[in-house]
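I opened this notebook page to record what I looked up, beginning with pockets and then turning to the interior.

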Amino acid sequence: MELRSENERWSIPAPDMEASPLTAEGMRELEADFSKVKIVKYIRDVEFANIDGVSLKLQLLLPSTVGDGEKRPLVLFIRGSAWQKQSVVPGIPQLVEMARRGFIVASVEYRPAPGFHFPTQSDDGWLALEFLREHAEELGWDTDKLAAWGSSSGAHTALLMAMMPEYRERSLRIGAVVDYYGPAYLPAMIDYHSTSTEHLDELLGVPVKEHLDLAKKASPVSYLEGETPAVLILHGDKDKSCSFEQSVILYRRMREAGKDATMYRMHNAAHGGSPFWTPQVLDIVEAFLCEKLNWKKA
């Protein structure tokens, strides 16, 4: 993965030459400020795996500080799609701010339902992490500082990646999860809205109503034994797509199990949208990640 060409710069320093004396009537002047530049580099459509002809790609956002010698945390973001084919690129502008704040951000795709079933989506998330670890030095990633962040079904995938025992045994460890309105207990999603049962059937590959044990196995709340990462939950209390109850169940069960969980009710918010990307909310996400990943920004 080529991060930059030989002649590319994050910001171009003032060359060793005299400034042009040319002027014109009405011309205005600003002094160039090199101290506050926060450029984000977007590397698009990096293939991290190809499985039986299915190409999986990630979108990479690098802060301008990459290359300064400091190792930085990586945030793996998984966009929601009801486990169907994702539309990843439209969500990139919302993630740029986190890269401006110094995090390396990788937005990844998974093989979708109905063709691919649980736990394929989480397996693919881990394929992305293994690929990124191969390039950790090039990225400037401190591999001891890793978070997963997802929205809707992407949050479900992120939680499973962090909590299922078969993933916890891997050498990389997810130290924090940001859960934006994700399903946490699938049996309680049955018949929540007109297509919720159909989406669960497609994820599981079987009729969910006839396979409640599998639905529970595919639920993050089933994996609260042993060590689990800290989880930050944000969910709108007017969510018609994924019930607010889903996050309340997760929060209550984590607290009962003595786990590190923080939840914000997004009053009057629906399923996603601008309320989840305000500066106030991103301040909360940033503070959570810095604390749980033990990262002190320079």
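**Pockets and cores**

I began with the second largest pocket, which holds about 250 Å³ of space, the volume being that filled by probe spheres set on grid points joined across faces, edges and corners. A pocket here is, on a 1 Å grid over the protein atoms alone, an open set of points where a 1.4 Å probe fits, with protein on both sides within 12 Å along at least five of seven lines, and lining residues have an atom within 4 Å of a point. I found this pocket lined by Ala19, Ser20, Leu22, Glu29, Leu30, Glu31 and Ala32.

I noted that this is a predicted model, in which local features need pLDDT of at least 70 and side-chain atom pairs count only at pLDDT 80 or more, while totals for chains, interfaces and linings use all residues. Residues are numbered from 1 along each chain as its sequence is written, and side-chain values use heavy atoms, with hydrogens and water left out.

I then turned to the largest pocket, with about 390 Å³ of space; of its 26 lining residues, Gly80, Ser81, Ser152, Tyr181 and His271 are the closest to its centre.

For the interior, I looked up the largest nonpolar core (buried Ala, Val, Leu, Ile, Met, Phe, Trp, Tyr and Cys residues joined through side-chain atoms within 4.5 Å; buried means under 20% relative accessible area with a 1.4 Å probe, protein chains only). It has 63 residues, and Trp141 is among those with the most contacts inside it. Apart from it lies another core of 31 residues, including Phe77 and Ala269.

I also checked Cys242, which is buried at a relative accessible area of 2%.

Terms used
Buried means under 20% relative accessible area, exposed over 50%, partly exposed in between (1.4 Å probe, protein chains only).
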